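Reader: Hello! Could you walk me through this structure, one question at a time?

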Amino acid sequence: MLSCKDREALRLPTPSADLQSSRFDELADRISDKCRKWDMKVIESRFGPVPADSIPMWIADMDFKSPPAVTRKFSEIISWGTFSYTHCIDDFYEAVINFQARHHKVAVEREWITLSYGTVSTLHYTVQAFCQPGDSIIMNTPVYDPFAKAAERQGVKVVANPLALNKGRYRIDLAKLEEQIISHKPKIYFLCSPHNPSGRIWSQAELEAVADICLRHQVLMMVDEVHAEHIIHGEFVSFLALEERYCNNMMLMSSPNKAFNLGGLKTSYSIIPNPQIRNRFRARLEQNSITSPNVFGLWGIITAYNECDAWLAELNLYLRENYALLARYFRENLPDFQVMPMDASYLVWVNTKGSGMSASEVTRRWAVEAGVIIEDGSHYVSDGEEYVRINIGTSRQLLGEALQRLGRWAQQQV
Ligand SMILES: Cc1ncc(COP(=O)(O)O)c(C=O)c1O
């Protein structure tokens, strides 16, 4: 813990008046829930020995309790005392349709929706459904590592389209993307929207540009919108807002897992307007018996999507303040580290080049010397080696404590 003197030296700015106290100030019991993020054995297997009071800010899992409406629903299910084989009831389809309409202003038709067991495993089935070993998939890098694992585990090659930098923000290099598509002839383009890492929201013009390239070269688009609900800055544009011809060349994947902290339920869904693509995808799911839902996953989606808009809005305000706090703190106390402006998510992407250390050295030293557990970007698919990723999905108090530890560490370096 920091002494009072240290705290004074590295004083944190006060949050805005309306957020001085919030339900998100209260942390969930992260030891009882056996999450990987807080498990010292898991942490030390990845980062080596670290101080016992280390603050984990790595895996993409928030320290907040899921919305009360969801936990109430789960208590009700427990009170039934039966956990039967269930099925995708009307409420599930209606919840997805209404949530997408309210939050993303898109009209989804019921038959476009297919339930599955988590976005990551669904990426794997998608590759199995549309690729043969030896084929390739293109993706903008750095990107969420399961994108590459889903390809490579099926013997499918990854074509990395490096994201360019424009005024410190990522931009898709469209000319290079088209050039690579022409030379490698990938079967699928995996687009992360908003992008992970960085939380970049792609504009409608950017989405149309990539959709147009894919349509002209007959590359199927898989669009992952899992991070669409935590909007920090700007306005998210769903791929489904694009023209029909583009939507007909696309499968969208989403889940409430990131938004409502429900990852352990392993339940997600896809939205596929084109019946040929949908049927081929569903046939692959059926081959693996991905059919009836997990009873908690089913009710988790229904309840989160139907009853938790106010909770989500409050969470987004909280994350926005957390992000502002971190960005300001880094500017003032850790100026060698450049925070990339973040539009969405709770995963801040920070460039370490100015520190003269590699990102892996930074994360190792922050873990051992400051007791703050942060992942370096090398686990992302390509081009993340100069970055670290900081998970700010935690209480402001803990975030403040972690920032002060890093600030004190930076002071010791001079
Ligand atoms: C881009 C992206 N897609 C998917 C997931 C995981 O989604 P799910 O919990 O539905 O498997 C994550 C989790 O961090 C992610 O960042």
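Reader: Is strand β9 enclosed or open to the outside, and how many of its residues are buried?

Author: Happy to start there, with a model that is predicted: local features need pLDDT of at least 70, side-chain atom pairs count only at pLDDT 80 or more, and totals for chains, interfaces and linings use all residues. Residues are numbered from 1 along each chain as its sequence is written. A residue is buried if 20 or more other C-beta atoms lie within 10 Å of its own, exposed if 12 or fewer, and partly exposed in between, with C-beta atoms placed from the backbone. By that rule β9 is largely enclosed by the rest of the structure, because the buried residues number five of the five.

Reader: Which residues of β9 lie on each of its two faces?

Author: Strands here are DSSP runs (E, at least two residues) and helices are runs of H or I with at least four, numbered from the N terminus. Both faces of β9 are covered, and the residues on them are all buried. One side has Met250, Leu252 and Ser254; the other has Met251 and Met253.

Reader: Which strands pair with β9, and in which sense, parallel or antiparallel?

Author: Strands of a sheet pair through backbone hydrogen bonds, either parallel or antiparallel. Two strands count as paired if DSSP finds at least two bridges between them. With β10 (residues 268-271), β9 has three bridges in the antiparallel sense, and Ser254 stands opposite Tyr269 there. With β8 (residues 220-224), β9 (residues 250-254) has four bridges, and the sense is parallel.

Reader: Which residues of β9 stand opposite Met221 and Met222?

Author: Both answers are found in β9. The bridge partner of Met221 is Met250. Met222, in turn, stands opposite Met251.

Reader: What is the strand order of the seven-stranded sheet, and which strands are at its edges?

Author: This is an open sheet with mixed pairing, in the order β2-β10-β9-β8-β7-β3-β4. Its neighbouring strands are turned by 25 degrees against each other on average, direction ignored. One side of each edge strand is left without a neighbour in the sheet, because each has a single partner strand; these are β2 (113-116) and β4 (157-162).

Reader: What angle does helix α7 make with β4?

Author: Axes are lines fitted to C-alpha atoms, for helices over the stretch in contact, and angles run from 0 to 180 degrees between N-to-C directions. Contact between two residues asks for C-beta atoms, placed from the backbone, within 7 Å. Helix α7 (residues 174-184) packs on the sheet and touches β3 (136-141) and β4. Its direction and that of β4 make about 160 degrees.

Reader: What is the order of the four-stranded sheet?

Author: This open sheet has antiparallel pairing, and its edge strands, β11 (338-339) and β14 (375-376), each pair on one side only. β14 and β15 share two bridges, and Glu375 has Arg389 in β15 as its bridge partner. The order is β11-β12-β15-β14.

Reader: How is the protein divided, and which element gives the most to the side of domain 1 that touches domain 2?

Author: Bounds from an automatic or database domain assignment give domain 1 (4-64 + 309-413) and domain 2 (72-307). Their centres, taken over C-alpha atoms, are separated by 27 Å. In domain 1, 27 residues are in contact with 32 residues of domain 2. With five residues, the element that gives the most to that side of domain 1 is α13.

Reader: Is Glu321 buried or exposed?

Author: Glu321 has its place in helix α13. Its C-alpha is 9.0 Å from that of Ile232, although the two are 89 residues apart in sequence. Because 22 other C-beta atoms lie within 10 Å, Glu321 is buried.

Reader: Where are the cis peptide bonds that involve Pro194 and Pro197?

Author: Pro194 is found in the loop between β7 (188-192) and α8 (204-216), and Pro197 also has its place between β7 and α8. Omega is about -5 degrees for the bond joining Ser193 and Pro194. At about 10 degrees, the other cis bond joins Asn196 and Pro197.

Reader: Which residues come nearest to the ligand?

Author: A residue is near a molecule if its C-beta atom, placed from the backbone, lies within 6 Å of it. There are 15 residues around the ligand, and α5 (119-130) and α10 (257-260) each give two or more to this shell. The nearest are Ala60, Gly118, Thr119, Ser255 and Asn257.
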